[in-house]
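Visitor: I'm new to this one, and I'd like a close look at a single part rather than a quick tour. Could you pick a spot in the interior and walk me outward from there?

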Amino acid sequence: MPGSTLPPFPDDVRTHPLLIIDYELIKAGDVEEVNRLWEAATTIGFWYLKNHGADQEVSKMFDMGAETMALPFEELMTFEQGDSGRSFGYKKAGANAIDAAGTLDSVEFFNVSKDDALAYPQVIHRTYPSTVNARMENTIAPFARKGLEVTYVVLNIFNDKLGLPKGTLESLHDMEEHSGSETRCIRNPPVQIKEAAKIPVIGAHTDIGSLSFLHNRLGGLQVLPPGHEEWSYIRPIPGHAVCNIGDALYLFSGGVLQSNTHRVVAPPGVQAEYERWSLVFFTRPGNSKVLRALVESSRIIAEAVKKQPDKNFETGSTAAEWFARRIKNHRINNRLGPETWARSRGTEHTPTVV
C-alpha cells in the first residue's frame, strides 16, 4: 500500500486548524455537531471528517492506484484524458498549467467516472486499463458509493440550514443522472531539487464541483483562507478525511457556503523525500443542472445574494459546461496565453495567487 511507512508531519511549519466533524454524529442528527459542520462550511469551507467508515475502501483504492500507475507509460497514455475538456482517464505530469505564466504541473493522476464505476461492465463515458477494470466492482464502486453516502448526508444538512424545500440539493446531485463525479488517485514524485519544493504541484484553485472527500497521508495541501495573505498547510490526521466545498455549492447557496482557494505543494520537511499519494471522491451536480443561486427557493439564499451586489451568482452554465471549460483551459496543449488560464478559473477569492 502506498505510504505505509512515512515520517511524521513536522511541527515547525504554518498550519491552519480545521474543525473535526464526527460523521456518525451528523448522520444521527446531533444538533451540536451539525452546527459545528455548518460553522466550518460557512467560514472556510474545509473540515476534517472522522468515523466516516471508509478506511477499508480507501486502502483498496490506494492499492488500485499503485497497480495502475505501475503500468507502462505508453499503456497509460492510451487512456489519457485528452484536450477536449474531459476529465476521466489518465493525466500525465506536465499536461496542465498551474498559473497564468503556463508553468507545468508535476502530478499525475487517474480519474474514474462515478457513472462508469456504478454501471460496470456497461461503458458510459470511456474504457479503462485492466488494473482498473479488475477492481471496478470490489474497490472503485464501493469507494464511490461511500463518497456519495457522505455527500448526501452533508447535502441534506445544508438543505435544511439554507431553508430549501426538502430534497432540493440532493435532487441537483441525482445519482441516476450522468455527471462529472469521479474518483481520483494522485501520485507526485519525491522532490529531487530543493528549488522544486517552492513550485506548486497543483496551482491555486477552487474545486469544480460540490463536495470533495479527500484522503492523504503526507502533507502538501495548503489553504489560503479569506482575509489571509499567506498559505498554511493542512495537517494530515490518520483516519480522518478532509472535506471541502466546491464552486457548485457556493453558487447554489448564493455564497453562504464557502468554496475556498487551495493548492498542493511538496510535503514539508523530510516528507518531501517521499512519493506523495492522495485519493479523492469529487461529487459534482448532474450534467444538466444550471449553476446559479437558488434565490426563488430560499429566503436565506435570496438575502445573501442581495448583500453581495458585486458578485455574480448567475453563471449561465450547466454543470457539464462549467466542468469542461475549467478542465479544457488547464490543458497546456490548449494554451494560447494568460487568457487561457483566466478561462480556467472558478470562484476563487484571489484569482491571481499561485
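Guide: Here is a walk that starts at one glutamate and follows its surroundings outward.

Keep in mind that this is a predicted model. Our starting point is E108, which sits in strand 4, the run covering residues 108-113. Is E108 buried or exposed? With a relative accessible area of 13%, E108 is buried, because anything under 20% falls in that class.

So what does the side chain of E108 meet in there? One partner is Y90, whose side chain makes a polar contact of 2.5 Å with that of E108. Another is R187, again through a side-chain polar contact of 2.5 Å. If you skip the neighbours within four places in sequence, the contacts of E108 are M69, Y90, K91, K92, A93, C185, I186 and R187.

Let's follow Y90, since it leads somewhere interesting. Y90 is buried, with just 1% relative accessibility. The model has nine aromatic pairs, and one of them joins Y90 to F110. Their ring centres are 6.4 Å apart with 35° between the planes, which makes the pair tilted. Y90 belongs to strand 3 (residues 89-91) while F110 belongs to strand 4, so this pair links distant parts of the chain, 20 residues apart. F110 is buried as well, at 5% relative accessibility. Nor do these two rings stand alone: ring pairs connect F73, Y90, F110 and Y128 into a cluster.

F110 takes us from strand 4 into the nonpolar interior. The largest nonpolar core has 69 residues, and F110 is one of those that touch the most other members, along with I26, W47, L49, F158, L169 and F213. Which element gives the most to this core? That would be helix 7 (residues 136-161), with twelve residues. A second core lies apart from it; that one has 16 residues, among them Y48, F109, L214 and L221. As a rule of thumb, nonpolar side chains in soluble globular proteins tend to be buried together.

Take L169 as an example from the big core. Leaving out residues up to four places away in sequence, L169 touches L155, F158, N159, L162, L164, L249, F252 and L294.

F213, also on that list of well-connected core members, has a ring partner of its own. The rings of F143 and F213 have centres 6.3 Å apart and planes at 15°, so they count as stacked. F143 comes from helix 7 and F213 from strand 7 (residues 211-216), so the pair ties together parts 70 residues apart in sequence. F143 has 0% relative accessibility and is buried, and F213 is buried too, at 2%.

Now back to strand 4's neighbourhood for some charges. You met F109 as a member of the 16-residue core. R184 lies over the face of F109, at 4.0 Å from the ring centre. The side chain of R184 also meets that of E182 in a salt bridge, 3.3 Å from N to O. Both ends of this bridge are buried: E182 has a relative accessible area of 0%, and R184 comes in at 12%.

How many salt bridges are there in total? The count comes to 19. Another one joins D247 and R326, whose closest N and O atoms are 2.7 Å apart. D247 is in helix 9 (residues 247-252) and R326 in helix 11 (residues 319-330), so this pair ties together parts 79 residues apart in sequence. D247 and R326 are both buried. Just before R326 in the numbering comes R325, and the charged end of R325 sits over the ring of W322, 4.6 Å from its centre.

For a contrast, look at E296 and R292, whose side chains meet in a salt bridge of 3.0 Å, N to O. E296 is exposed at 59% relative accessibility, whereas R292 is partly exposed at 21%. Salt bridges can also chain up, as with K27, K146 and E149, which are linked in a network.

To retrace the path: we began at buried E108, crossed to Y90 through a polar contact, reached F110 through a tilted ring pair, and came from there into the largest nonpolar core.

Terms used:
Residues are numbered from 1 along each chain as its sequence is written. This is a predicted model: local features need pLDDT of at least 70, side-chain atom pairs count only at pLDDT 80 or more; totals for chains, interfaces and linings use all residues. Side-chain values use heavy atoms; hydrogens and water are left out. Helices (H or I, at least four residues) and strands (E, at least two) are DSSP runs, numbered from the N terminus. Buried means under 20% relative accessible area, exposed over 50%, partly exposed in between (1.4 Å probe, protein chains only). A polar contact is a pair of N or O atoms within 3.5 Å; within protein, one must be able to donate a hydrogen and the other to accept it, and residues adjacent in sequence count only if both atoms are side-chain atoms. Contact means heavy atoms within 4.5 Å. A nonpolar core is a set of buried Ala, Val, Leu, Ile, Met, Phe, Trp, Tyr and Cys residues joined through side-chain atoms within 4.5 Å. Rings of Phe, Tyr and Trp (its six-membered ring) pair if their centres lie within 6.5 Å; planes under 30 degrees apart count as stacked, over 60 as edge-to-face and the rest as tilted. A charge sits over a ring if NZ of Lys or CZ of Arg is within 6 Å of the ring centre and within 35 degrees of the ring normal. A salt bridge is a side-chain nitrogen of Lys or Arg within 4 Å of a carboxyl oxygen of Asp or Glu.
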